[in-house]
Amino acid sequence: MRKLENILLRGHSEPTADSLTSAAASAGAGRLGVASLDLDALHLHFHSPACQRLYGWLVDYPAEIVPLMDILLGRELETLRETLRLQQEPEVLPRVQVRPFHLRNLSHMRELDPNSIDTLLSIRGMVVRTSPVIPDLKVAFFQCSICGQSEQVTIDRGRISEPTQCPTCHVRHGYSLIHNRCYFSDKQMVRVQETPDEVPAGETPASIVVFAYDDLVDAVRPGDRVEVTGVFRAQARRVNPKITKVKSIYKTYVDAIHFRKVVSHGSSAAGTRSANTAAKVTHGSRFSPERIAELEELSKKTDVYDRLVKALAPSIWELDDVKKGVLCMLFGGNSRKDGETKLNKRGDINILLVGDPGTSKSQLLGYVHKLSPRGVYTSGKGSSAVGLTASVVRDPETRELVMESGALVLSDQGICCIDEFDKMSGTTRAILHEAMEQQTVSIAKAGIIATLNARTSILASANPVESRYNPSLSVVENIQLPPTLLSRFDLIYLILDAPNVDNDRMLGQHLVGLYYETPNVVEPPLDHGLLRDYIAYARENIHPELSDLASRELISAYIEMRRGGSGGNGGRGRTISATPRQLESLIRLSESLARMRYSRVVTRTDVREAVRLMKVATQAAATDPRTGRIDMDMITTGRSTLERELEENLGASLKELLIERRGNRMSVSEIRRTLEEILNTQIQQEDLTEVLRMFEADGLVQYSERSQTVFVRAGVVG
């Protein structure tokens, strides 16, 4: 103890006093008056030769060294009682726990062996499940049932030694456990799984059970990428709970000492200690003052918008408008929740990429997945409904039914990237309707009824039905997705591979340059880490509001978009070129564009750029190939206004023809030829067949598909 005191506190009383005082001051945010003091083990190792020896002891004997550190800091805190009293702190001193983190070596789950048992180690992975809070017995209270003599026994290495004989009445085995006078602490089971980039080829992801105690309970949630520092334990399994005989195979787990959130594949955020600090991340806990100053200086540059576009996926050539839309999705709009009216307005932007093969759609999805701190990547063909929402499985430890989160829930407040969206089954796609608009996932199975948050942006890519996009068909006919699902996407980009000599030459030079010995890639203006921090800081701290000028510009732009479909002759004035959903999308896009500049107010320039993005994306997808006009019915209903008008005219003319031929049988080819002469236009066989089936359902005709004839019933009236 004396040697440890000399190493830790000799000559460093002032910094230690400041850190201990701040830890004691923050103890109110923890559980049961427990304060945490984070100790960077890497700093400890490189401090001095004596500290290097202490680091070795800490890694090899954590069960002995960490409690000694707690005792030593508790004594030091006693000497600082007067300082705390001057700061008007409570008289009861908190219990300070030392939490070492940032070890020199990072262990992999697959490499843990018997040599690692009872040592301090760090592992990285993604949290896939957390259990409810479990009471963990620390001090047992025993009372003699004969004379009432009481005795308290502290847990030692996971065991409670029950007293056998009462010292007062000398009765053997007369003690009973009084539960309501025992001391319990909070305990939680967290299952951590390997991240997809660490799984070896041909293997399934490994997972490990982590137990969190006291103020580490509820510090992480499913979907977080974390670095866990703790003690690797092995526990014997009993053959039967009532028999002391144990199996030869032991159960392994990790007793967590520290959680640190990993924001990317190479860097970590500050450690999270309690539920409150995990929910309320302060600026200082995530970014240093120097980093914040660097981010705000970057936001003041006039060309910050172009810099961000060039920094996003620099290996992908061109596609600037697509990158701008993806940037808007990464920054996102404001999510509003009105507590009085229970009105939720989503701020997440959904994007669909439709195009020819080989247009770098999947590569863009992979880049966004790596850039997002809570991103999940999945494929349409390999995803099921429970894989996207939540599955109910039986816990191997307790044998109870528990719920495990799916891809949409794990990517809450992040981005869910779905590749091969068109190959997803119909039952799986039906799940997305609720998640994309209400941003919740409701399940009711195995007696578990729950509504889970799925506040995620969806970035999906799809290929056309015939492998290449057919410009003469609508988007719905090209990818054959339900119109109700298509209308929930804010931006729908058509990425076509049109041959052009100049563009093909530049693209070829770009692709060949990537395979040089020193790749010929244009250096992006922002590195990956700076771009990620810039986006994260904007999402946490920048919440722009609409100005009066921007509101008027939005309304006028919406009216102009609606007017773009009206005007013209006859019934075509009913063409809908914009819906209220497009207006909400414009608001979200404008807010995200203001966030890119770290602006607190949405300006008219942001609205105009949002309108331009809407026109080059969604309205291009909503263009009717027959008339060249913008018709949002192509997306919302799957049929254009012109198609519905042609069907109405065809039905009226066919009914007049059938009235003249009552009681007769006619061939379909004869009906088609007669109608083409009457309407003076070419009629598709599918359109005529659909109208005949509609008339057959109404009882007007009898249609034989095999002989391609129609019998007109006598009861047909005009």
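Let me start with one pair of residues in this predicted model: Leu-353 has Ser-461, in strand β21, as its bridge partner. That bridge belongs to a longer pairing, in which strand β14, residues 351–355, and strand β21, residues 457–462, run in the parallel sense over 4 bridges.

Stepping back, these two strands sit in an open sheet of 5 strands, ordered β15-β18-β21-β14-β22, with parallel pairing. At the edges stand β15, residues 375–379, and β22, residues 491–495, and each of them has a single partner strand, so one side of each is left without a neighbour in the sheet. From one strand to the next, the twist averages 15°. Packed on the sheet is helix α11, residues 320–331, which touches β14, β18, β21 and β22, and whose direction makes about 155° with that of β22.

Now to another helix, α19, which covers residues 528–541 and reaches 20 Å from its first C-alpha to its last, close to the 20 Å expected for its 14 residues. How many of those residues are buried? The count is 11 of 14, so to speak of α19 as mostly covered is fair; among the buried ones are Leu-530, Arg-532, Asp-533 and Tyr-537.

Finally, a word on confidence: the protein averages a pLDDT of 78, and 81% of the residues score at least 70. Among its elements, helix α7, residues 275–279, has the lowest mean pLDDT, 35, while strand β24, residues 601–602, has the highest, 91. Over residues 265–285 the pLDDT is below 50, although this stretch has 46 contacts in the model beyond near neighbours in sequence. Where pLDDT is low, the predicted coordinates should not be read in detail.

Terms used. Residues numbered from 1 in each chain as written. Predicted model: local features only at pLDDT ≥ 70, side-chain atom pairs only at ≥ 80, totals over all residues. Heavy atoms only, no water. Expected span 1.5 Å × (residues − 1). Buried < 20%, exposed > 50% of the residue type's maximum accessible area, 1.4 Å probe, protein only. Pairing = 2+ DSSP bridges. Axes fitted to C-alpha atoms, helices over the stretch in contact; angles between N-to-C directions. Contact = heavy atoms within 4.5 Å. pLDDT = per-residue confidence, 0-100.
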